[in-house]
Amino acid sequence: MMGLLSVLVLFLTALFCHTNAQTQYRGTVRLVRSGFYSSTYSAGIVEIYYTTSSSSTLRWGNICYDSSFASTEASVICNQLGYNGASTYGRAGSTLLYGTDTLATILDDVNCFSSSYLTLEQCSLSTFIKSSCTSDSYDAYVSCYTTRIWNNPYSGQIRLQGGTYSSYGRLEVYCNGQWGTVCDDSVGATDARVACRQLGYSDYSTYTGNLAGSSSQPIWLDNVVCSSSYSCFAYCESCPSSQFHNCLHSEDVALGCEFSSFYTTSTNTLSTCQYADSISSASDSIGAIIGGVVAAVFICIVLIITIPICICCCLGVGIGAAARGGRSSTRTTVVGGASDVTCTGATSQTTSAYPQSGYDASYPPQQGYAPQPGYPPAPQQGYAPQPGYPPQQGYGYPPQ
Ligand SMILES: [Ca+2]
Ligand SMILES: [Ca+2]
Ligand SMILES: [Ca+2]
């Protein structure tokens, strides 16, 4: 019974170790010395996990140190490993420092345009190996600067931590002066792909795993939703999240990235996403400003149209009465902003050729008004008094 239990434990241990070891993906690079690998090495013979020209099976192999392999290519390898470029590089046979790597050469004619590239996937590569490249002495080695590309981080920078290789780890994002983790809530293929593309890979391999961050680490992002068109993860969600997260560190995203022929190569470099976080917030602000201006213009248009109508309507309160009088036909012109509105039939003041009933009889008739029945015609100033017309008191007529 004990024997059976031991076998089971051994099997589970082997399975666990095997599972744990499966964190290398197409394009993963590592540095080895005398055939041994350690994640702490910043210098060594370069190996890459790749396919060969005759087989699609992924395997570890060396990179040929040929005439096109120089500081640019060495620096890109160091960048992919998370180090800040290469201080030296060369062929394994020229130094005793890193021993001999007996693996077959798997990549030749590596040619990088820029030393700011993040991965070898952004360079041109060949799986056809020249006969001059098959010797182990032509395996390329690099010695990287020990400073990390995230040692002087920018807001929105991401990195993979805690994995066996640089292409896999707990996804961490920098903001508020601290590295924090990303909650797996709502994280899917598109989000994982955008994160890998920010890191210079074309695609993701996994976004699950158990690489919980420490309790002292903030969980910066939750419910991340990226658009597939984003080149930087920083565009997806402001950091820290605009919403309060409801996550535990056991939900931290563990991300694996790979070279894929199904997606276009990432064009990101060391500095591409440097201002993505601020651009992201700036574009939010610009969006808010544009939204505000559009709303203001809309409100103005509505007011320009409705205010004159309202004024016309208000002025037209007397329309009923005027209409009943049947005599009113005045034009009121209201100047309102850019448009003048003319209202017909509405009036604020009704003028009549005749005094209306209830008028003050003591008020003298106006010039040009026909005298009303029962109302004595008023002599006009300068007119001679008419016979039989008594001088009016207070009318200012000179005594007769
Ligand atoms: Ca070799
Ligand atoms: Ca979750
Ligand atoms: Ca959540």
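Strands in these legends are DSSP runs of E, at least two residues long, and helices are runs of H or I, at least four long, both numbered from the N terminus. Keep in mind that the model is predicted.

**View 1. The whole protein, before zooming in.** Five helices and 16 strands make up the secondary structure here. The protein has 400 residues, and 34% of them count as buried. Among contacts between residues at least 6 apart in sequence, 71% link residues at least 24 apart.

**View 2. The loop between β13 and β14, seen around N246.** This loop runs from β13 (219-221) to β14, and N246 sits in it. Is N246 buried or exposed? It is exposed, because just 11 other C-beta atoms lie within 10 Å, and the cut-off for exposed is 12 or fewer. Look across to C183: 63 residues separate it from N246 along the chain, yet their C-alpha atoms are 8.7 Å apart.

**View 3. Backbone oddities in the loop that holds P240.** A quick reminder first: most residues other than glycine have a negative phi, and most peptide bonds are trans. P240 belongs to the loop between β13 and β14, and the peptide bond joining C239 to P240 is cis, with omega at about -5°. N223 is in the loop between β13 and β14 too. Though not a glycine, N223 has a positive phi of about 55°. With 16 other C-beta atoms within 10 Å, N223 is partly exposed.

**View 4. Helix α3, largely enclosed.** Why call this helix (residues 189-198) enclosed? Eight of its ten residues are buried, so the rest of the structure largely surrounds α3. The buried ones are D191, A192, R193, V194, A195, C196, R197 and Q198. They pack against four strands: β9 (158-161), β10 (168-175), β12 (203-206) and β14 (254-258). Just past the end of α3, G200 has a positive phi of about 95°.

**View 5. The β9 and β10 hairpin.** These two strands pair in the antiparallel sense, over four bridges. In a regular strand, side chains alternate between the two faces of the sheet. Which residues of β9 are on the covered face, and which on the uncovered one? I158 and L160 are on the covered face, while R159 and Q161 are on the uncovered face. Across from L160, in β10, is L171. Six residues lie between the strands of the hairpin, where G162 has a positive phi near 85°.

**View 6. N176, in the loop after β10.** This residue falls in the loop between β10 and β11 (178-182). Its phi is positive, near 55°, even though N176 is not a glycine. N176 counts as exposed, since it has 11 C-beta neighbours inside 10 Å.

**View 7. The largest nonpolar core.** Here 77 residues come together, and V46, I77, V142 and L255 have the most contacts inside the core. Which strand gives the most to it? That is β3 (residues 43-50), with six residues. Domain 1 (24-149) and domain 2 (150-274) each supply at least three residues to this core. Zoom in on I77 and set aside its neighbours within four places in sequence: it is in contact with V29, V46, A86, L120 and V142.

Key: Residues numbered from 1 in each chain as written. Chains lettered and ligands numbered in written order. Predicted model: local features only at pLDDT ≥ 70, side-chain atom pairs only at ≥ 80, totals over all residues. Buried ≥ 20, exposed ≤ 12 C-beta atoms within 10 Å, placed from the backbone. Contact = placed C-beta atoms within 7 Å. Core = buried A, V, L, I, M, F, W, Y, C linked by C-beta atoms within 7 Å. Domains from an automatic or database assignment. Pairing = 2+ DSSP bridges.
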